[in-house]
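Trainee: I should like to learn how to read a structure step by step. Please take me through this one by question and answer.

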Amino acid sequence: RLHLVTWNVGTASPPPDVTSLLQLNSLGPTMDMYVIGLQEVNSRITNFLSDLAFDDPWSIFFMTVLSPLGYIKLSSVRMQGLLLLIFVKHIHLPFIQGIHTQYTRTGLYGYWGNKGGVSIRMSLYGHTVCFMNCHLPAHMENTEQRLDDFEKILEMQFEEENNTSPLDHDVLFWFGDLNFRIADYGIHFVRESINNKRYNLLWEKDQLNMAKKTEAFLKEFIEGPLQFKPSYKFDLYSDVYDTSEKKRKPAWTDRILWRLKRLCQDASEEGGFSEEEQMISVTLNNYVSHMSYGISDHKPVTGTFGLELKALFSVPLVMLNPEGEWSAEHDVIIRYSRVPEFPGSAWDWIGLFKVAFRHMNDYVTYAWVEDDEISSSKDSKQVYMSAAEIPTMGGEFLLCYYSNNLQAIVGISDPFQIQPSRTSTEKDLTQEENTWMQKPDNLES
């Protein structure tokens, strides 16, 4: 279950609430992955430099919302105003490898990153998946420039990695502020069609739909029906289309498309394939705009997908668990085992994380698998963590094994409890007693 967001935020700060945007109150099953593509994130020099040193406000905002729900930030990539974030449930971490990020500038003939594309690619249960967030040139007359820029992004992304193209992935999701407009029709006809919810009258003049009929490299991309109001251009904090002097014509600038490599191959081969042979499929469950968000002149657009994968491996490369009862009273032991073909490294480490950790570097402490090893056998190994490193307050934690060679978490334990230390408990009791002693005798208001 994949929930994908594209939103041109117009340099605004995050809104107070994104419950409906992320479908957090949905009665159905929870999402396994969130993919969030933003455009026009505030990229003034002062903001951008501080964001390079620290997480930007939007990343912090989404981590704050999603980490308590059991999602960690798997990866992110930023190019000036373009930001792409991927969050995933803990349970999937050992089955995601080969994570790479890339960006391509197309503004000012490739020298400026206000336009272009950012991508994150990965192997998900053995299948290659790529997510590409783009911001293409604006204005009605620039259709050819939009198409040229997208072709350039496709050619340049990951070109240094064994000549891998986004089109070589089993699944490619393409989304963003693609800036395609509604051609020919005047503003009054467009607005009247929208007011009467006769969106189908506008589809044939949508520049992206028109281009998909003529451009070979676009024909393989699939998009759900545009059964929602065009997402651009609105007055701020309203659902009223542009009332400024320019009176921009509404358009579906914000889009989500996808492409299945296997479908493209089968279209050119005879015979097709049976359902049993189909290793991966994508089902669009929902494709909508969200009218209640008004921080920019674009409304966010989301696509909710079912991504069905025939897992090419279903056992984690590393199995690990804590031994015995854990507390800061004594050193603690971790036992782990690795599959025979696992490419281990002296730089591998095991991290202790709070259950609601935000990202891979959000560990409490860690142990090197070789330097901190205390025993080794054919079936398993043991490493220790010093009592001084264990949180005295206790709580619920989990262990993650990080592979340096694979640059990924390849094993994760079940959540477990760390008992608070006696000194911590006694300190808390003393503090409670002192607080009680300091309370006034007369507690009546």
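Trainee: Is L399 buried or exposed?

Mentor: A residue is called buried under 20% relative accessible area, exposed over 50% and partly exposed in between, with a 1.4 Å probe and protein chains only. L399 has a relative accessible area of 0%. L399 is therefore buried.

Trainee: What kind of model is this?

Mentor: Residues are numbered from 1 along each chain as its sequence is written, and side-chain values use heavy atoms, with hydrogens and water left out. Local features need pLDDT of at least 70, side-chain atom pairs count only at pLDDT 80 or more, and totals for chains, interfaces and linings use all residues, since the model is predicted.

Trainee: In which strand is L399 found?

Mentor: Helices (H or I, at least four residues) and strands (E, at least two) are DSSP runs numbered from the N terminus. L399 falls within residues 395-403, which make up strand β20.

Trainee: How far apart in space are L399 and Y366?

Mentor: In sequence, 33 residues separate L399 from Y366. From C-alpha to C-alpha, their distance in space is 9.1 Å.

Trainee: Which residues form the covered face of strand β17?

Mentor: Strand β17 covers residues 365-368 and has two faces. In a regular strand, side chains alternate between the two faces of the sheet. The uncovered face of β17 holds Y366 and W368. The covered face holds T365 and A367.

Trainee: Which residue stands opposite T365 of β17?

Mentor: Two strands pair if DSSP finds at least two bridges between them. Strand β16 (residues 349-354) pairs with β17 in the antiparallel sense over 4 bridges. The residue opposite T365 is L352.

Trainee: In what order do the strands of the open sheet of 4 strands lie?

Mentor: The pairing in this sheet is antiparallel. Its edge strands are β13 (318-323) and β18 (373-376), each of which pairs on one side only. On average, neighbouring strands are turned by 20° against each other, direction ignored. The order is β13-β15-β19-β18.

Trainee: Which residue of β15 is the bridge partner of M319?

Mentor: Strands β13 and β15 (residues 332-338) run antiparallel and are joined by 6 bridges. The partner of M319 in β15 is S337.

Trainee: Why is strand β3 largely enclosed by the rest of the structure?

Mentor: Strand β3 consists of residues 71-79. It is largely enclosed because the number of its 9 residues that are buried is 8.

Trainee: Which residue in the turn between β3 and β4 has a positive phi?

Mentor: Strand β4 (residues 82-89) pairs with β3 in the antiparallel sense over 8 bridges, and V77 has L84 as its bridge partner in β4. The two strands form a hairpin with 2 residues between them. The positive phi, about 50°, belongs to Q80.

Trainee: Why do C130 and C134 not form a disulfide?

Mentor: A disulfide is a covalent bond between the sulfur atoms of two cysteines. Here it is counted when two cysteine sulfur atoms lie within 2.5 Å, and the structure holds 0 of them. C130 is buried at a relative accessible area of 0%, and C134 is also buried, at 0%. The sulfur of C134 is too far from the closest cysteine sulfur, in C130, for a bond, at a distance of 9.6 Å.

Trainee: Which exposed residues lie on the face of helix α3 turned away from its buried side?

Mentor: The buried residues of α3 are T143, R146, L147, D149, F150, I153 and L154. They cover an arc of only 165° around the axis, so they are on the same side of α3; the arc is that of the directions from the helix axis to the C-beta atoms. The face turned away carries E144 and E155.

Trainee: Why is the ring pair of W326 and F416 called edge-to-face?

Mentor: Rings of Phe, Tyr and Trp (its six-membered ring) pair if their centres lie within 6.5 Å, and planes under 30 degrees apart count as stacked, over 60 as edge-to-face and the rest as tilted. The rings of W326 and F416 have their centres 5.1 Å apart. The pair is edge-to-face because the planes stand at 75°.

Terms used: Axes are lines fitted to C-alpha atoms, for helices over the stretch in contact, and angles run from 0 to 180 degrees between N-to-C directions.
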